[in-house]
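Here is a short set of exercises to work through with the model open in your viewer. Try each task before you read its solution.

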Amino acid sequence: AVIFLVVASAFLFILFFLELYTAVEILYGIGCSGAMVQILFFPLYTYLAGRHAIVKKWWYRPLLNIQKWGIYGITRLDSLAVLSGYSIGVAWLCVGLLQDSPDTNVFYWVTQNVMGACICITFLSVIKLNSIKVATVLLLAAFVYDIFFVFIT
C-alpha cells in the first residue's frame, strides 16, 4: 500500500518536470472509459434488457464466438456497453485535446467528474485490505501525500 504512494509521488514528479500532460490525459481517458463501461453502462444495459423478455433474448445472444482465439460469447450487450463507454471517452479526449480551454466546456468537466468517480469505485472494488491497520496507515500516508502536494509544492 505504501509502495502505491511512493510510485504515485514519483510519477507526479516525472509529470511535473517532463510535462507529459497530453500522455496522461490520453491514459486517463482510456482507463476511465473502461471504468465507465463496468460501473455505468453494463449494469444499466443489463437492467434495461432484463425488463423486456423479447429484448433480453436478443441482447444476450452471442455476437462474437471465435473459439480458436479464445473469445467465447461476447454478447450484444457487452458490445453496446463498450461502445458507449469508449465513445464518451473519445469525445472527452477530443474536447480536451482540441479546445484551448476545455475546462469552460460543461460536457468536459461533468464527464471528467463522472469518469473520476467511476475509476474510484472500480479501484475500491478491486483493492482488498487485510486489516484496519493497513487501511489506517494507507489513509494517513495519503493524507500526508495530499498535504505535501497541495500546500508545499
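**Exercise 1. A residue in a loop**

Task: Find the contacts of Leu 20 outside its neighbours within four places in sequence, then decide whether Leu 20 is buried, partly exposed or exposed.

Solution. Start with the contacts: once neighbours within four places are left aside, Leu 20 is in contact with Ile 14 and Leu 15. Next, place the residue: Leu 20 sits in the loop between α1 and α2. Last, look at accessibility. Leu 20 has a relative accessibility of 38%, so it counts as partly exposed, since that class lies between 20% and 50%. Keep in mind throughout that this is a predicted model.

**Exercise 2. The overall layout**

Task: Work out how many helices and strands the chain has, and in what order they come.

Solution. Count first: the chain holds six helices and two strands. Then read from the N terminus, where the order is α-α-α-β-β-α-α-α. To round off the overview, add two chain-wide values. Of the 153 residues, 23% are buried. Among contacts with a separation of 6 or more, 56% are between residues 24 or more positions apart.

**Exercise 3. Checking the length of a helix**

Task: Test whether the end-to-end distance of helix α4 agrees with the span expected at 1.5 Å a residue.

Solution. Helix α4 covers residues 76-98, which is 23 residues. The expected span is 1.5 Å times one less than the number of residues, and for α4 this gives 33 Å. Now compare: the end C-alpha atoms of α4 are 32 Å apart, so the two values agree. While you are on this helix, list its buried residues: Leu 77, Ala 81, Ser 84, Gly 85, Gly 89, Trp 92, Leu 93, Val 95 and Gly 96.

**Exercise 4. Where α2 meets α4**

Task: Trace the contacts that Ser 33, Tyr 45 and Ser 84 make beyond their sequence neighbours.

Solution. Begin with Ser 33, a residue of helix α2. Its relative accessible area is 1%, so Ser 33 is buried. Not counting residues up to four places away, Ser 33 touches Gly 85, Tyr 86 and Gly 89.

Move on to Tyr 45, also in helix α2. At 16% relative accessibility, Tyr 45 falls under the 20% limit and is therefore buried. With the same neighbours left out, Tyr 45 touches Leu 77, Leu 80, Ala 81 and Ser 84. For Tyr 45 and Ala 81, the C-alpha atoms lie 7.1 Å apart in space, although 36 residues separate them in sequence.

Now approach from the other side with Ser 84 in helix α4. Ser 84 has a relative accessible area of 13%, so it is buried. Beyond its neighbours within four places, Ser 84 is in contact with Phe 41 and Tyr 45.

Finish with Asp 78, another residue of helix α4. Asp 78 is partly exposed, at 24% relative accessible area. Between Asp 78 and Phe 42 there are 6.9 Å from C-alpha to C-alpha, with a sequence separation of 36 residues.

**Exercise 5. An aromatic pair**

Task: Classify the arrangement of the rings of Trp 92 and Tyr 108 as stacked, tilted or edge-to-face.

Solution. The structure has four aromatic pairs in total. For Trp 92 and Tyr 108, the ring centres are 5.1 Å apart and the planes stand at 5°, so the pair is stacked; the angle limit for stacking is under 30 degrees. The pair links distant parts of the chain, with Trp 92 in helix α4 and Tyr 108 in helix α5, 16 residues apart. Both residues are buried. Together with Tyr 28, Trp 92 and Tyr 108 form one aromatic cluster.

**Exercise 6. The largest pocket**

Task: Describe the size of the largest pocket and the residues that line it.

Solution. The volume of the largest pocket is about 1300 Å³. It is lined by 29 residues, of which Phe 4, Ala 8, Tyr 28, Ile 119 and Tyr 145 are the closest to its centre. Next, assign the lining to elements: α1 (2-18), α2 (21-50), α5 (106-126) and α6 (132-152) each supply at least two residues. The largest share, eight residues, comes from α1. Finally, sort the lining by class: 26 residues are nonpolar, three are polar and none is charged.

Definitions and conventions: Residues numbered from 1 in each chain as written. Predicted model: local features only at pLDDT ≥ 70, side-chain atom pairs only at ≥ 80, totals over all residues. Heavy atoms only, no water. 1 Å grid on protein atoms, 1.4 Å probe; cavity = no way out; pocket = protein on both sides within 12 Å on 5 of 7 lines; lining within 4 Å. Points joined across faces, edges and corners; volume = space filled by probe spheres on them. Helix = DSSP H or I, 4+ residues; strand = E, 2+ residues; numbered from the N terminus. Nonpolar A, V, L, I, M, F, W, Y, C, P; charged D, E, K, R; others polar. Buried < 20%, exposed > 50% of the residue type's maximum accessible area, 1.4 Å probe, protein only. Phe/Tyr/Trp six-rings, centres within 6.5 Å; stacked < 30°, edge-to-face > 60°. Contact = heavy atoms within 4.5 Å.
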